[in-house]
Each structure stands twice: as structure tokens, then as C-alpha cells.
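Here are my notes on this entry, as numbered points. Please read them with the model open.

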Amino acid sequence: MRSRRKPAIKPGPELINERWKLYLVMIVISAVIVAGFFLSGKQHFSSWDFSIRNSKLRKQIDDLETEKRRLILARETANSPTELRRAISKIMPGATTVAPTLASATKPAGKQEDKTVVAASFKKGDTKAEPYSIVKTAMVLPAAKTPKVERPSRTVARNNAE
Amino acid sequence: MATKRSNRRRKTPGSQVITTRFLLIVGFFAIWFLGVTVRLVHLQVNQAEWLREKAVDQRQDTKRSKMLRGTIYDRDGRPLAMSIKVKTLYADPTEIEDVAVAAKSIAKATKVDVNQLTKQLAEAKAKNKRFVPIIKKVDEETVGRLNKTLAVDGVKKADSPQFTGLHWSEDQARSYPYGSMAAQVIGVSNLDDTGIVGIEQSQDDILHGAVISRRVERDRLGRIYDEVTEDREKPGDVTLTIGASYQHKVEQALENGVKASNAKSGMAIAINPKNGEILAMANYPSFDPNSMRDAVPANITNHAIQSVYSPGSVMKLITYGAAREKHLFSLNDTIDAGNGTITVADHPFKDSHHVGNVSYPEAFAHSSNVCAIKTALRVGKEDFYSTLTQMGFGSKTGIELPAETVGIVRSPEKWHGDSLASMSIGYEIGVTALQMVTAFATVANDGVKVTPRIIKEIKKADEPPVRPEAVEAKRVLSVEAARDLRTMLKQVVLTGTGKRAQLNGYTSGGKTGTAWKFNSATKSVDSSKYISSFIGMAPAEDPEVVIAVVIDEPKAGGRDGGGSAAPVFRAIAEQILPEMGVAQNGPAVKELPIENDIPEIVEPAKADKKVATNSGDAKLDPTVDNKKKDTKPTNAKPAAVEPKKTAKPQPRLKPAGNTSAGLRQFSERIEYTRRT
């Protein structure tokens with residue numbers, strides 16, 4: 001009785017090579033895919049991390065801006081005639097109150113140097129007695145910014161890089 | 001064969017078992033998969049909305065806040081009004097389980113009344129309200145301290161404080177670092193960040209900060225990983241022409257002047273006649289915008305632009321200006337004051353002291369009413385009215401401040417027979433201090449009309465500063481006329497009623513004015529109440545600054561313009577001019593002794609009360625007025641006899657008859673009150 005089954009054909013060396021090539025391609029593709037997933041995951045979490053840092057920095061800027069305004073305000077309040085008068089009466093309780101005068105920030109030509117300017121230009125190395133106490137703080141004058149040509153009246157800004 | 005069959009029988013049960021097992025596993029997975037599917041459908045279809053909301057609620061946080069209101073700077077860049085970020089601690093009672101316990105802890109940390117807080121929280125929880133403010137507008141330092149105090153162990157929240165149901169909301173607080181300085185000009189904004197007075201009101205559109213929403217997304221640790229901020233146009237900053245330094249000096253001098261005269265109030269304006277920039281605008285008494293609860297409502301009014309008064313003799317500058325423009329006189333011409341009395345339409349006007357036949361500058365310097373009236377009669381109604389309107393009387397000056405009044409200037413057809421005479425010496429007309437100083441500034445500016453402005457520039461975010469549009473220059477007086485008027489003004493200070501306005505190191509010119517006030521209660525002018533003023537400029541030849549000082553109801557010392565207002569002018573000018581960098585051009589002048597004054601108001605001696613003579617500004621014999629009172633309305637006429645005892649009021653100058661109706665109404669409007 002003849003067997004219906006076909007005789008098992010032993011694969012030749014060429015076929016074995018083809019299979020290995022196939023496996024190799026599959027491995028490479030898998031590696032690429034896995035690497036892709038890995039990189040995208042890394043990017044995702046890196047971006048997440050940057051967003052968190054970005055938010056923290058933005059908050060710091062806000063806080064610094066708030067602090068800057070607060071310091072400017074505190075300085076101006078301290079420089080106001082009312083406060084100066086109060087300070088004089090504290091330092092010299094019995095003395096006649098001399099009305100404090102403000103020094104103009106604009107320095108007219110041919111005039112004595114403004115007291116404010118003297119205080120600001122005082123250097124550490126100077127040996128002369130410091131006429132005024134210097135409080136290091138933020139600048140006062142609003143800085144002029146470069147003009148923009150076009151500015152949308154209302155936009156929505158998304159801060160996340162994703 | 002038998003062996004084969006037995007083999008088949010042995011194999012059959014095995015394959016069946018495998019099949020059965022396989023089917024069982026498949027069935028199990030099928031059921032499992034079905035279960036998962038059913039659950040997924042349930043979650044994603046039936047509960048999708050609820051879950052989405054919950055997820056969003058967990059990670060997203062949307063907060064609405066206002067952009068910081070714009071800053072108001074002075075001309076040197078000093079902030080006069082500034083907003084800073086503050087925070088408000090609020091409770092969300094819906095998140096709090098035991099309101100009583102929470103209230104106790106919160107009250108202990110924040111030092112608020114525990115009973116009141118408990119009641120507030122309980123009521124809000126019952127009404128499902130989610131915002132109960134506990135402490136409003138605190139700074140970062142206090143926020144940090146409260147966060148530490150309120151922190152509860154075991155409570156994990158994305159935001160601080162670590163206390164269930166408590167949150168911080170962003171807010172802003174408006175601060176005025178110079179307190180009451182220029183308070184009426186800068187104004188004030190209310191809690192809703194809306195300007196209600198002054199520049200805060202007039203420039204509210206620029207200063208107002210828009211409401212923006214900020215949506216943040218947090219991870220499980222509460223860290224913000226995504227942020228979407230609504231970007232709106234940022235509010236702009238306004239820079240004023242006022243200098244804090246000038247303003248302080250003007251206010252200080254005004255305060256000293258008002259106190260020295262024991263006056264009710266005062267106002268002063270300093271303007272640069274070259275460009276119309278207001279350097280200082282002061283009112284005394286003032287108020288502190290930082291504590292509006294203590295502010296007296298009357299002091300909030302900017303009287304310099306909102307109050308109308310009879311200017312008195314300072315108006316003579318306009319009278320002589322109109323005449324000089326028509327070439328009716330030159331400086332060398334003389335004018336005869338006669339016996340010091342002139343009657344116009346049955347109304348006698350008198351000089352305070354006899355001047356005789358004098359030159360025009362001398363007549364002006366001694367503030368002769370007769371000479372001024374004679375000059376005005378030569379000018380004529382129409383031309384005088386035309387000069388008034390061209391100088392800006394009866395219309396708004398256009399300054400960028402709210403509630404400016406136009407004053408009171410009637411058209412010639414509504415004038416009475418003596419109206420021209422009265423108006424030529426500063427009665428029957430209502431002006432503001434700003435209108436008056438603007439008219440003087442026009443003379444100082446060689447006759448080209450000055451439009452006062454108080455905004456130097458407006459700066460919007462990311463845009464270059466914008467200056468207000470310049471008004472087209474309009475000449476209202478010839479250069480020669482303006483120069484002659486300045487010479488006359490200088491004469492007033494050198495030899496006339498304004499000697500106290502002589503400056504140390506600078507030449508100056510100006511005119512004094514003293515007018516009786518209208519008493520609304522008695523419906524007549526009150527001889528015991530004056531408005532004394534001095535408007536001057538320096539240096540006299542080429543003025544760099546024009547200063548108006550108006551003192552309301554001076555009661556002590558020299559009560560006329562030369563005695564009460566001129567020294568204030570001097571104090572202001574001597575401080576401002578060096579700061580402006582103006583080179584000295586005059587001799588050193590010491591303080592003038594009082595006996596050297598030429599007073600505008602001469603108090604009658606007791607024996608002379610019946611025939612009292614009066615001032616250069618106001619000059620009606622009360623006896624005459626009483627005789628006339630039944631036939632002629634005289635309440636708006638100049639009359640300035642100062643009684644020795646002010647407790648006894650002078651005879652009232654009541655208007656009577658049909659013709660008085662219009663004038664009475666007019667006089668009532670002259671009242672020195674707030675006008676909007």
C-alpha cells in the first residue's frame with residue numbers, strides 16, 4: 001500500500017538561509033519598533049518633565065515680577081514726603097520737622113547733581129562716606145520695548161510643548 | 001486489526017478531553033471577554049460623561065483672574081498709582097465635612113471670629129456656595145505664614161494650604177505710594193478695579209485689566225505639566241505731565257498758605273505755557289486714596305476744574321487784553337480814574353483808593369476798577385465777549401480729567417446794562433482756576449492759545465509710547481499785545497497790589513484778585529467771605545511757568561489776593577524755577593514788610609463805615625447798595641467792604657423786582673461749589 005503522505009522533504013541550505021533572513025528582518029523591524037516606542041516614551045516623559053519645569057519657572061517669573069512691583073512700591077512709599085516726615089520725627093523726636101523735598105529725576109542743566117543719581121552711582125570701592133543708604137532693588141523706570149508690527153488682540157497660548 | 005481498533009479506542013477519549021478542555025478555555029475567555037466588553041460599554045457609554053468630568057476635575061484646574069491694572073507715572077517715571085498681586089483666602093464649604101471643626105481651626109490660624117465664620121460656612125454649605133472669602137488681599141509673606149499655620153498632617157492637596165476646603169485666589173490691590181499727593185488728579189479706583197475719580201476714571205479704558213482664565217493640568221503629585229492661558233490685551237500705563245517733586249512743593253506751599261490765612265481751602269496750578277503741560281495741580285485739604293474710609297467727600301472734588309468762582313480783578317487782564325488787541329491804548333497812554341467812581345446803568349463802581357490820571361500799567365497795577373470799566377466800555381460788548389470765548393471762558397479746556405465744568409459766561413444778549421462793567425472787573429462771570437491759568441498762559445505764550453494737558457504719554461504693552469494729539473495752535477492775541485500785557489503784569493508785582501509775588505533772583509508778573517463769595521443761604525454776596533487769588537508767571541520776560549493760587553475764605557492776615565495768595569505764588573515759583581533749570585534773571589529780593597503792601601481791600605475805619613470805600617476788586621458802598629436794592633439787583637456786583645466784626649453780617653444785597661430773576665439765578669450759579 002502506497003502511502004498518501006508526501007515524503008518529508010528535507011530543506012536545503014538555500015531555504016534555511018531564506019528563513020534566517022526572514023527572522024533577521026523580523027528582529028530588526030521589532031527592534032526598530034521597540035526602539036521607536038522607547039524613544040517616543042522617553043520624549044513624552046522628557047517633555048512632561050520640561051513642562052513641569054517650565055511651569056515652575058513661569059511661576060518664579062510671576063513671583064519675581066510681583067516682588068519687583070512690591071519693592072518698587074515699598075521704595076516709593078518710603079520716599080514719599082509723609083514717610084520721610086514720619087522717619088524724621090522718629091529719628092529726632094524733639095526736632096522741628098523740616099518739610100522734606102523731593103529731588104527731581106530729571107536733571108536740569110547747570111544744576112547740582114541730583115541726590116538720587118548720587119546714590120545710584122555710588123560704587124563699592126569708593127572710600128568716601130556714603131551719603132545715603134542704598135537699597136538694591138529693581139529698576140524704577142519702565143523700560144521701553146521694541147514695537148511689534150502686528151499683535152493679535154486675543155489669542156490662546158498653549159505653553160506645553162506637546 | 002484488533003490491535004488497530006484498540007489503538008483508535010484509546011486515542012478517542014484523549015482527543016475528546018483535549019477538545020473539551022480547549023472549548024472550556026475558549027468559553028472562559030469568551031465569557032471573560034464578554035464581561036470586559038460589557039463593562040467597557042457600561043463605562044464608556046453609560047458613565048462616560050461622569051467619568052470624563054471626574055478625570056478633568058482631578059487633573060485640571062481653571063482659575064479666572066484679572067490682569068494687573070495699569071500704572072500711573074509722574075513725568076519722571078515715579079509710580080503714583082500701582083497695582084500689586086495679592087491673594088484672598090477662601091473656603092469651599094462643599095469640600096468640608098465638619099464645618100464647626102474646620103471653622104475652629106481656620107479661625108485659630110487666621111484670627112477671625114470663630115462663631116461668625118462657622119455661621120458663614122454653614123450657611124454657604126446649605127446653599128451649596130463654593131466661595132466664602134476669609135481673608136482678603138494679603139501679601140505673599142502672609143500667604144506663606146498662613147500656609148504653614150493651616151497645614152494639616154495627612155491632607156494631600158495639589159494646591160496650598162494643605163487644609164481641606166481652603167484655597168487661595170489671586171487678587172490685586174491698588175496702592176498710591178505718595179498718599180494724598182495729587183489725589184484729586186490721580187483719582188481712585190474701587191474694589192472692582194474701576195476708576196471712579198480723576199485719571200483713574202478718565203483713562204479707565206486704558207488702565208483696566210481684562211479678566212483672563214488660566215487652565216492648568218496637574219499630574220498625580222500635583223505638579224503642573226500643562227498650562228493654557230488666555231491671552232488678552234494688557235492694560236496700558238499712563239504717564240502724567242505732573243512731577244511728583246513739583247506737586248509736593250506746590251502742595252506744601254498751598255497748605256502753608258491756607259493755614260497762614262486760616263482759610264477754608266485752596267487750590268493751585270502750575271502750567272508750562274510753552275506746551276500746556278500741567279506741572280502741578282493741588283487742592284487743599286486733600287484725601288488719602290489708600291484709606292478712602294477716612295476721606296471727606298468734599299475733599300475728593302478737584303476744585304481746580306470742577307468749581308466755579310468769580311475771579312475778581314484777575315479778569316482785568318482780559319479786559320485790557322481785548323482793548324490792547326483793538327489798539328485802544330498803548331503803554332505810554334494815560335487814563336483818568338476821575339474821582340474814583342463811575343456809574344454804569346445806575347450802578348456806581350468805586351476804586352479802593354484814588355489813582356487819578358495814570359498810565360495804563362499803573363492803573364492795572366493798582367487794580368483800578370474805574371479804569372478797567374472805562375476800558376471795557378471802549379472795547380464794547382461783542383468784542384469783550386469774543387475775547388472771553390477765544391480765551392477759553394465758557395467752554396471746557398479739554399484737559400484729560402473727568403467732570404470738568406465749562407464755567408458761566410452768558411452771551412451778550414442776556415447781559416444787563418451794567419454787565420459789561422461788572423464782567424470787566426471779574427463779576428457776573430464764573431470761571432475755573434484752570435480756565436484762568438490757561439488764559440494767563442496764553443498771554444505768556446505770546447498770544448497763542450494754550451491747551452492744558454495732563455497726560456504726557458500712554459504706553460500700551462509691547463507698543464511704543466503714544467503722546468496725546470497736539471491741538472492746532474490758535475492765536476488769540478497779537479505778539480505785541482501779549483508782550484504789553486506781560487509788562488503790565490510785571491508792573492503789578494513791582495509797584496502794585498502784587499508786591500509779595502516778587503521773586504528772589506527772578507523777575508515775575510501777575511495779577512491779584514479778590515472777590516466776594518455768593519452766599520446761597522442769604523441769596524446775596526457775603527462781604528465777610530472772599531476768594532483771593534493770584535495768577536502770575538516767571539520769568540516775566542519769557543515765562544517758563546504760570547502759577548495760579550486761589551485761596552477760599554481767608555480769615556487771617558492779608559486777606560486779599562496780594563496778601564494771601566501772592567506769597568504762596570512766591571513760595572512755589574522760587575522752588576520750582578531752579579528745579580526746572582531756569583537761569584536767574586532778577587535781583588535778590590528779601591521778604592517784603594507788610595506795611596509796604598498795597599492792599600486790594602481797605603477795611604473801613606469805624607467812623608467811615610457809612611461811606612465805606614473798598615477794594616480794587618470790590619467796591620460798592622453798602623449804603624448805596626441798600627438804597628438801590630429795591631430797584632436794582634446788585635447781588636453779583638463787586639462789593640468788598642470788610643467789616644471790623646465779621647460776626648455782624650453786612651446788609652444783604654437782595655435782588656428785587658422782575659429784572660432780578662435772571663441775575664439772581666445767575667448769581668446762585670456763581671456759588672463756589674462743586675460743579676460737574
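1. A definition to begin with. A crossing counts as right-handed if the near helix is turned clockwise from the far one by less than a right angle, and as left-handed if anticlockwise. Keep in mind that this is a predicted model.

2. That term applies to a helix pair in chain B. Helix H3 (residues 99–110) of chain B and helix H4 (residues 114–126) of chain B cross in a right-handed sense. Their axes come within 9 Å, and the crossing angle is roughly 135 degrees. H3(B) is therefore oblique to H4(B), as angles over 145 would be needed for roughly antiparallel. On the H3(B) side, the contact residues include B:Val99, B:Ala103 and B:Ile106. On the H4(B) side, they include B:Leu117, B:Leu121 and B:Lys125.

3. Next, the sheet. Five strands of chain B form an open sheet in the order E12-E11-E20-E19-E18, with antiparallel pairing. Strands E12 (278–284) and E18 (509–519) of chain B have a single partner strand each, so one side of each lacks a neighbour in the sheet. From one strand to the next, the twist averages 10 degrees.

4. How many bridges join E11(B) to E20(B)? Strand E11 (residues 265–271) of chain B is linked to E20(B) by seven bridges, and the two run antiparallel. Strand E19 (residues 524–538) of chain B is joined to E20(B) by eight bridges, again antiparallel. A hairpin of six residues connects E19(B) to E20(B).

5. B:Ala548 of E20(B) is a useful place to check the register. B:Ile269 stands opposite B:Ala548, and so does B:Ile535. Elsewhere in E20(B), B:Ile551 is the bridge partner of B:Ser532.

6. Is E20(B) buried or exposed? All eight of its residues (545–552) are buried, so the strand is largely enclosed by the rest of the structure. In a regular strand, side chains alternate between the two faces of the sheet. Here B:Val545, B:Ile547, B:Val549 and B:Ile551 point one way. B:Val546, B:Ala548, B:Val550 and B:Asp552 point the other way. Note that B:Asp552 is among the buried residues.

7. Two helices deserve a look against this sheet. Helix H17 (residues 433–444) of chain B lies across E11, E12, E18, E19 and E20 of chain B, at about 150 degrees to E20(B). Helix H18 (residues 479–495) of chain B touches E18 and E19 of chain B, and its direction makes about 75 degrees with that of E18(B).

8. Last, a polar side chain. B:Gln306 belongs to helix H11 (residues 303–306) of chain B. Its relative accessibility is 6%, so B:Gln306 counts as buried. A polar atom of the B:Gln306 side chain lies 2.9 Å from the backbone nitrogen of B:Asn302.

Methods: Residues numbered from 1 in each chain as written. Chains lettered and ligands numbered in written order. Predicted model: local features only at pLDDT ≥ 70, side-chain atom pairs only at ≥ 80, totals over all residues. Heavy atoms only, no water. Buried < 20%, exposed > 50% of the residue type's maximum accessible area, 1.4 Å probe, protein only. Helix = DSSP H or I, 4+ residues; strand = E, 2+ residues; numbered from the N terminus. Pairing = 2+ DSSP bridges. Polar contact = N/O pair within 3.5 Å; in protein donor to acceptor, adjacent residues only side chain to side chain. Axes fitted to C-alpha atoms, helices over the stretch in contact; angles between N-to-C directions. Parallel < 35°, antiparallel > 145°, perpendicular 65-115°, else oblique. Contact = heavy atoms within 4.5 Å.
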